[in-house]
Amino acid sequence: MTPVQRRKAATAFRDKWQNADPGEKQHTQQFWTELMNRILEIATDSDHIQFEKPVFLDHQSYIDAYIPGPHPVLIEQKGPFVDLGKKERQSDGSYLNPYEQAKRYADWLPKSEKPDYIIVSNFREFRIYDQENPKGEPVIFHLKDLPKQYPSLRILSSETISDIDASVLVSKEAARLIGKLYDALLKAYGDQPTSYDLEQLNKLCTRLVFCMYAEDAGLFGEEEAFFDYLKDAAPEDMNEDLSRLFKVLDTPVAKRPRFLSPRLARFPYVNGALFSGEIEIPPFSEETKRMLLYDTAHHFDWKDISPTVFGALFESTLNPELRRSSGMHYTSVESIHKLIDPLFLDDLKAELEEIRQLKQVNVRNRRAELFQKKLAGLRFLDPACGSGNFLTESYICLRRLENEAIKLQLTDKKLVQAVNKLQMVLDADVIKVSIQQFYGIEINNFAVSVATTALYIAEAQLYEETQEIAHFYDNFLPLHSYAHIHEGNALTMDWNSVIPASELNYIMGNPPFLGARNQSKEQKSQIQAVFQKAKNCGNVDLCAAWFKKAADYMKDTSIHSAFVATNSICQGEQVANIWYPLYAEGIRINFAYDTFRWKNDSDEQAHVFCIIVGFSYAETPGKLLFHHENPDAHPIRQQARNINAYLSDAPDIFIYSRNKPLCAVPDMSVGNKPIDGGYYIFTEEEKQQFLKKEPGAKAYFHPFIGAKEFLHGNPRWILYLGQATWEDLKNLPMVRERIRQVRDYRLASRSAPTRKLADHPQNYHIENIPKGNSIVIPEVSSERRRYIPVDFLEPGVLCSNLVKLIPEGSLYEFGVLQSQIHNAWMRAVAGRLKGDYRYSIGIVYNNFPWPAVTPEQRKRVENAAQDVLEARKHNPSATLAELYDPDNSLFFPELMEAHQRLDQAVEAAYGWKTNGDEEKILQYLFRLYDKLEQQDKLT
């Protein structure tokens, strides 16, 4: 069935069951069977759905309906008068709501049968819970909305469904259809379309999308006006017919030709610059005409697309660069709300709820009216707006708050009676919030068009919602407001030219991420200009420039801002480089999300690790820190007294890289960096084959340990020939050949320093050959580990530059480095590789504030450290990666207990009592660091 046919089937199903009086038991099977058969075309034999599936708790129970398959669904059906949010007493005396009851059933199913989704229903309402996000809000809709919401129930099929939100599914299908049409029309330009050709085709598709939406939303007045206008056109005339239509849509009725064809005169004036200017339209064929009119326009309902989602999907479908990189993608509405909720929406919702609770009608109405005016007075800017999804979603949320305020005002019986008595018809002036409150800057001209179109569609959808609430009837077209989306480079233009800072309330968005090594000369120049050539500003991520640009723009205002950013800007060396200049001017962080995986809901999910930072000059009470136990975890919301630039509830400290340790402790160095082209490095098998032919080389082979080998075992081998003489090598021709190969490899390098190394091919670029035992730390370690594994290596084992080592380090240093206190410091200040910890000497080790210990305290730490080493020996076959995998902690209780004793010993050495509270540990560490740093400056 086509979407239109499914919608008709859903309407018939709704009408039948809305008027029925179903009972929970006797009608469950009929209800779900008809829904699956008639709307979704899903078979309902026992292979597809099981009714009354047995499950044993402490007694025999039955699941109302269960759909097996790769993505199982459990259905808990209640009677029509059951409140799905209310807890009811169960047979065992517990109180559970229907979802909790269903979840209990799910927990007792075998692992292979556990559902991906749980649906609870009372015939009148559906609640869908995604078990991948068990703490998330369910998708809720009512039977009366089934014709719009039926795509949410596609999870009942056995196919893979990544979304259960109907508007998302509809928007994805809409973008897919327009993408197919785009590809077909693109062929008319030949094998090498120019940038001008692509710009013209993009404008055409933008206009077609609005026409199809306007037709299905009833904005063109007559039903199927767009389809009827073109259906009888010859394919070769389609481009001219469309040109004439676009010109009419851009011409006020009073200015149109006197004898304009009735076929065109029926269309309203659109305004808003959507159709201004002629475009070059490629010729249509029978195939492209069919794709536009029948596949895309006539057989698809555009009315219910999500402008927030569709805008980005539309851009990624038609933007060649985005299509090449990752196919269709968009920022999920859930991700957008992570930013806009704490930035402004939570406070506005709380204010509206306070108004709703007022008992005096006249006071409530007045407050609701003032609240509506407040909403209309807010101004928003996204200076990297792309397809406008942050702006569009923010507009939708403000309009829905306004609609709630309008509802409150219309509850006054006297007002309603007056309206009825005088037969007044409220007009569109009841709407105060406008898309003109939302400003965007975007460098890509097509994205500008998409963002503008998305805002107009959102405006049309919310206009209809208000009409239903306030009972006024007016034509949406022509457009009376204009979208302020400006084309330009946000890093080189004055944002005041878009909107004066004195008139703005909020800045938000998702600036582009690009590391320092991947930036062009032009981008680096722009960053340096924004930071006014501040110290080390050439080594920051591109998105950091938006933070500095915003901070400069916000001076002497009460603007609040928030950006999504790569997590690197609040880690490692970038923190001081970026945030010290901002803090020096008075910027402070109001809320933040620490590292999480950014979900853009692409067909190929992006593995981007992000943070969100909200900031302003105005000091804000009630700071919020959202902590993720791992990048994929649900955030834990907590109040913070202060949020520093490392996104910790701790004092404001900026840590620069140091060449020497802050405290009197041994130096840490890197391992060996051969720069040998791989000619000195061998696997175990390669080494054995080499020694069979040249056994005299055995003395020059050493185990070679990088981070991977250190954590997972299976070391490689490396030839070390730095001290070998001609006498040593003259009988080792294969070794000499390796030396020549290394020399040739270095000579072929583009790097002058590497070519110079060719003069000494026996030596590594960096050599670190300790004579005694060394403490070793891997440079990169999983963020899942509570402790980065630290260990000792014996002499003769050579380390790569992917580990850090303290030659001849002691048991005391090992103990402190392996403690929770040092790991807490590392987690706060280290850089990251994606989500993994990236240990550094200059930032992490050299700045770590060590305790001033007595001999007794030192001895206690050493004893506890030895206990950790002994506990590891209880499982000699386990690798360090296995020992420190949190999923395996159950199997190594002695090791976990030894670590607890070590943590207590190290904490006692500092003289603190934190009971392992990492927030308190960081507060102490940052204060101690500040004290030691000040002392160091005086010496």
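Okay, so let's start with the sheet: in this predicted model, six strands line up in the order 1-2-3-6-7-8, and they make an open sheet with mixed pairing. At the edges sit strand 1, residues 50–56, and strand 8, residues 139–142, and each of those has a partner on one side only. If you look at neighbouring strands, they're turned against each other by 30° on average, direction ignored.

Let's zoom in on one edge. Strand 1 runs antiparallel to strand 2, residues 60–67, and six bridges join the two. If you want a spot to find on screen, go to Phe 56, which stands opposite Gln 60 in strand 2.

Now, the helices. Which way do helix 15 and helix 17 lie relative to each other? Helix 15 covers residues 389–409, helix 17 covers 445–470, and they pack at about 10° with their axes 10 Å apart. Angles under 35 degrees count as roughly parallel, so that's what we call this pair: roughly parallel. Residues making the contact include Leu 391, Tyr 395 and Ile 406 from helix 15, plus Leu 455, Leu 462 and Ile 469 from helix 17. Sort the contact residues by type and you get eleven nonpolar, three polar and five charged.

Last thing, cysteines. How many disulfides do we get? Zero. Take Cys 211: its nearest cysteine sulfur belongs to Cys 205, and that's 12 Å away. Cys 211 is also buried, at 0% relative accessible area. Then there's Cys 610, where the nearest cysteine sulfur is the one of Cys 543, 8.7 Å away. Cys 610 is buried too, with a relative accessible area of 0%.

Definitions and conventions:
Residues are numbered from 1 along each chain as its sequence is written. This is a predicted model: local features need pLDDT of at least 70, side-chain atom pairs count only at pLDDT 80 or more; totals for chains, interfaces and linings use all residues. Side-chain values use heavy atoms; hydrogens and water are left out. Two strands pair if DSSP finds at least two bridges between them. Helices (H or I, at least four residues) and strands (E, at least two) are DSSP runs, numbered from the N terminus. Axes are lines fitted to C-alpha atoms, for helices over the stretch in contact, and angles run from 0 to 180 degrees between N-to-C directions. Angles under 35 degrees count as roughly parallel, over 145 as roughly antiparallel, 65 to 115 as roughly perpendicular and the rest as oblique. Contact means heavy atoms within 4.5 Å. Ala, Val, Leu, Ile, Met, Phe, Trp, Tyr, Cys and Pro count as nonpolar, Asp, Glu, Lys and Arg as charged, and the others, Gly among them, as polar. A disulfide is a pair of cysteine sulfur atoms within 2.5 Å. Buried means under 20% relative accessible area, exposed over 50%, partly exposed in between (1.4 Å probe, protein chains only).
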